[in-house]
Amino acid sequence: MSSRPEYYVPQPYDPYADDDPQGGWFNSDGYVTRRSQGYETAQGQGTPQGYDAVQAHDAAQGYDAPQEYDYDPRTPAYQQQDDQPTYALHTVAEPAAPAEPGYTVPETPEVGWDMAASRRRAWVSRAVLLFVLAVQAVLSLRLSNTAFQDEALYLAAGHAELQHLLHGTPLPIDYGAYFSGSPQLYPVLAAAVDGRFGLTGARVLSLAFMLGTTALLYSFTRRLFNERAALAGAALFAVVQSTVVMGYFATYDAAAVFLLALATWIVVRTDRAPVAAVLLAAPVAVLAVGVKYAAALYLPTIVVLALLTGWPHKGGKAFLRMLLLALGIGALLAAGMYSTDLLDGVRQTTTNRAHGSDSAAFLLQRSAQWGGLMFLTAVGGALSYVRRSRMNESPAAQRLGNPGWRWRALLGLVLCGTALLAPAYQMHLGTVVSLFKHVGFGLLFAAPMAGVGVTRLIGAHFRYPQLGIMLWTATLCLGIQQADWRFGVWPDSSKMIQVIDSHVDRKGHYLASTPEVPVYYLRDKTSHRQWQGVFALEYTDRKGTYHKGDAAYRAALRDGEFDLIVLDGLTNPRVDAVVADAVKGNPHYRLLADLPFRNSSGTGHYRIWVKTA
């Protein structure tokens with residue numbers, strides 16, 4: 001017979017039965033030792049009976065006792081304890097806890113939308129502003145043409161004023177009697193730059209003024225609203241026709257609009273300062289008027305802004321702030337007017353200016369073409385600002401006190417309404433002359449509301465950026481096309497100057513459609529006193545008869561009064577036709593050159609006659 005021990009067949013488990021520590025199959029430790037028949041321990045002996053047989057049987061079957069557990073020599077190896085889980089006899093069922101999600105979205109703190117100024121936000125805004133200024137500079141610098149008659153006039157006058165100031169040289173004519181700005185201010189500065197760097201240097205001076213204007217616009221718009229509105233307003237203002245052209249146009253318009261922007265910046269920046277600090281803006285505003293008299297049209301806007309910007313911080317003291325600024329500006333203007341001889345120029349070019357024949361509908365159409373898109377954006381921004389004052393997506397903005405709707409409505413009305421002053425004034429005068437530049441003056445004040453309009457169009461968190469990009473692109477395309485057309489209105493005069501250079505001196509008397517151009521380019525050989533234009537000639541012939549208007553031109557040409565005649569057919573076509581008819585068959589003159597040119601309106605030609613005897 002075999003000595004193999006008998007296996008135990010487990011019975012159904014009864015958890016309520018009494019535990020048998022000797023013969024049960026399971027307990028809390030896993031297997032329990034079970035005595036096999038015939039292997040009992042003898043009474044008083046330490047070694048179980050049949051131990052050697054059990055060891056031999058286990059060795060024969062290949063069972064080795066685990067070394068890491070307690071070994072019971074009375075139990076076969078295949079019944080020894082192994083690494084078994086513990087089974088509780090009495091368990092209580094508990095509901096399973098819900099499983100934790102693998103990832104939980106953290107709660108976003110309000111600091112993520114913080115409205116407070118930060119170094120990162122400041123540097124990002126400055127970088128975007130530099131990009132806007134770079135675009136503006138490129139758009140202006142790409143323009144090219146010879147000097148326009150206004151540029152030539154102011155630069156030539158500036159050189160004459162410099163000679164008068166430095167060496168006492170008499171002025172050829174009284175520039176202050178008909179200039180629309182003081183000839184001792186911008187013309188002198190521009191002439192000093194022109195003498196060193198030429199026409200390009202004088203135009204770059206205007207570019208510096210316009211870039212400074214855009215930067216100041218960004219600064220005070222940021223103060224009024226936030227960085228987004230400031231950048232949007234500056235980006236629109238930088239690409240309109242008036243900004244691009246004035247940025248490369250050697251006239252006093254760029255300097256005047258810069259000074260207006262500087263005065264506005266001072267008013268806005270001193271809104272929390274002591275009331276008297278607003279007087280810092282008074283001399284700057286008066287200087288803007290001295291540079292260009294038409295800048296006085298925008299002084300009321302600056303004065304009202306002194307009230308509006310101070311009201312949220314000072315309350316009733318803001319009225320005192322406005323009154324101080326108005327008195328300061330008025331006192332300085334009165335002192336300047338009555339201590340200089342510029343009052344005649346103010347009357348002739350501004351207050352008593354002759355009315356033209358351009359219709360109101362035509363002027364309104366031109367104004368809409370040159371600034372209508374930006375103006376509509378400003379109106380939309382003003383309306384949305386009245387409806388909702390919140391300018392930040394931060395939840396903290398809801399807890400801040402905002403200006404009332406009446407204050408917001410008045411601010412929008414003042415800023416947007418200022419853009420209408422220049423078109424309204426030009427309609428009163430009935431002339432389109434300088435309208436495109438004056439439109440830019442008004443857009444400077446409408447630009448902050450235009451910036452608000454762009455931000456509201458884009459939406460919170462840049463929801464619709466494509467709308468803002470489309471608006472800016474449309475403004476950019478219009479600005480480029482209109483600026484190119486504007487800079488090509490007058491013909492290139494380089495060939496004409498080369499032809500007449502050898503025919504002028506300090507003794508002759510000359511007639512030209514635009515005498516300012518040869519006076520500027522040939523100022524070393526001739527002066528303004530020697531040239532006559534094609535407007536309002538008065539002449540007394542050799543018989544002592546006085547002539548005026550067209551008859552004066554005919555009589556002067558009949559007597560051979562002019563040594564050189566230069567006509568372009570553009571400045572005053574009617575008088576050009578009278579002059580051309582008068583020299584036809586005239587023995588005193590011969591045709592020297594017929595020079596073709598191309599401008600924005602098509603083609604034309606310079607006709608040059610020289611006196612034969």
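**Entry 1: strands β3 and β4**

I began with strand β3, residues 510–512, and found that β3 pairs with β4 in the parallel sense over two bridges. I noted that Leu511 stands opposite Gln532 in β4. I keep in mind throughout that this is a predicted model.

**Entry 2: the sheet around them**

I then looked up the sheet to which these strands belong, and found an open sheet of five strands in the order β4-β3-β7-β9-β8, with mixed pairing. The edges are β4, at 531–532, and β8, at 589–599, each of which pairs on one side only. Helix α20, residues 573–583, packs on this sheet and touches β3, β7 (564–567), β8 and β9 (602–611), while its direction makes about 140° with that of β7.

As a reminder to myself, strands of a sheet pair through backbone hydrogen bonds, either parallel or antiparallel.

I went through the remaining pairs with that in mind. β3 and β7 run parallel and are joined by three bridges, and here Ala512 stands opposite Val566 in β7. β7 and β9 pair in the antiparallel sense over four bridges; within this pair, Ile565 stands opposite Trp609 in β9, and Val566 stands opposite Ile608 in β9. β8 and β9 also run antiparallel, with ten bridges joining them, and a hairpin of two residues leads from β8 to β9. The bridge partner of Leu591 in β9 is Trp609, the residue that I had already noted opposite Ile565.

**Entry 3: the two faces of β7**

Which residues of β7 cover its two faces? I found Leu564 and Val566 on one side and Ile565 and Leu567 on the other, and all of these are buried, so that I record both faces of β7 as covered. Val566 is thus a buried residue of β7 that stands opposite Ile608 in β9 and has Ala512 opposite it in β3.

**Entry 4: helix α8**

I moved on to helix α8, residues 281–291, which is mostly covered, with nine of its eleven residues buried. The buried residues are Ala281, Ala282, Val284, Ala285, Val286, Ala288, Val289, Gly290 and Val291. I looked for what they pack against, and found α4, α7 (253–269), α9 (299–314) and α10 (317–339).

**Entry 5: Asn226**

Is Asn226 buried or exposed? Asn226 lies in the loop between α4 (186–224) and α5 (227–237), and I count Asn226 as buried because its relative accessibility is 14%, which falls under the 20% cut-off. A polar atom of the Asn226 side chain lies 3.0 Å from the backbone nitrogen of Ala229.

**Entry 6: Met374**

Met374 is found in helix α12, residues 360–387, and I count Met374 as buried because its relative accessible area is 2%. Leaving out residues up to four places away in sequence, I list its contacts as Gly233, Leu236, Phe237, Val240, Leu443, Ala447 and Ala450. For one of these, Ala450, I also looked up the backbone separation: the C-alpha atoms of Met374 and Ala450 are 6.5 Å apart, although the two residues are 76 apart along the chain.

**Entry 7: the annotated transmembrane regions**

I checked the UniProt record, an unreviewed entry, which lists "transmembrane region" for residues 123–143, 197–218, 230–263, 275–308, 320–338, 368–386, 407–427 and 439–459. I compared two of these spans with the model. Residues 320–338 are 100% helix and 0% strand, and their end C-alpha atoms are 27 Å apart. Residues 439–459 are 95% helix and 0% strand, with end C-alpha atoms that lie 29 Å apart.

**Entry 8: the whole chain, and how far I trust it**

Across the chain I have 20 helices and nine strands, and 47% of the 613 residues count as buried. Among the contacts with a separation of 6 or more, 70% join residues 24 or more positions apart.

The average pLDDT of the chain is 84, and 79% of the residues score at least 70. Over residues 19–47, however, the pLDDT is below 50, although this stretch has 40 contacts in the model beyond near neighbours in sequence. Where pLDDT is low, the predicted coordinates should not be read in detail.

Key
Residues are numbered from 1 along each chain as its sequence is written. This is a predicted model: local features need pLDDT of at least 70, side-chain atom pairs count only at pLDDT 80 or more; totals for chains, interfaces and linings use all residues. Side-chain values use heavy atoms; hydrogens and water are left out. Two strands pair if DSSP finds at least two bridges between them. Contact means heavy atoms within 4.5 Å. Axes are lines fitted to C-alpha atoms, for helices over the stretch in contact, and angles run from 0 to 180 degrees between N-to-C directions. Buried means under 20% relative accessible area, exposed over 50%, partly exposed in between (1.4 Å probe, protein chains only). A polar contact is a pair of N or O atoms within 3.5 Å; within protein, one must be able to donate a hydrogen and the other to accept it, and residues adjacent in sequence count only if both atoms are side-chain atoms. UniProt positions are given in the numbering used here, feature names are shortened, and annotations may be inferred rather than shown by experiment. pLDDT is the predictor's confidence in each residue, from 0 to 100.
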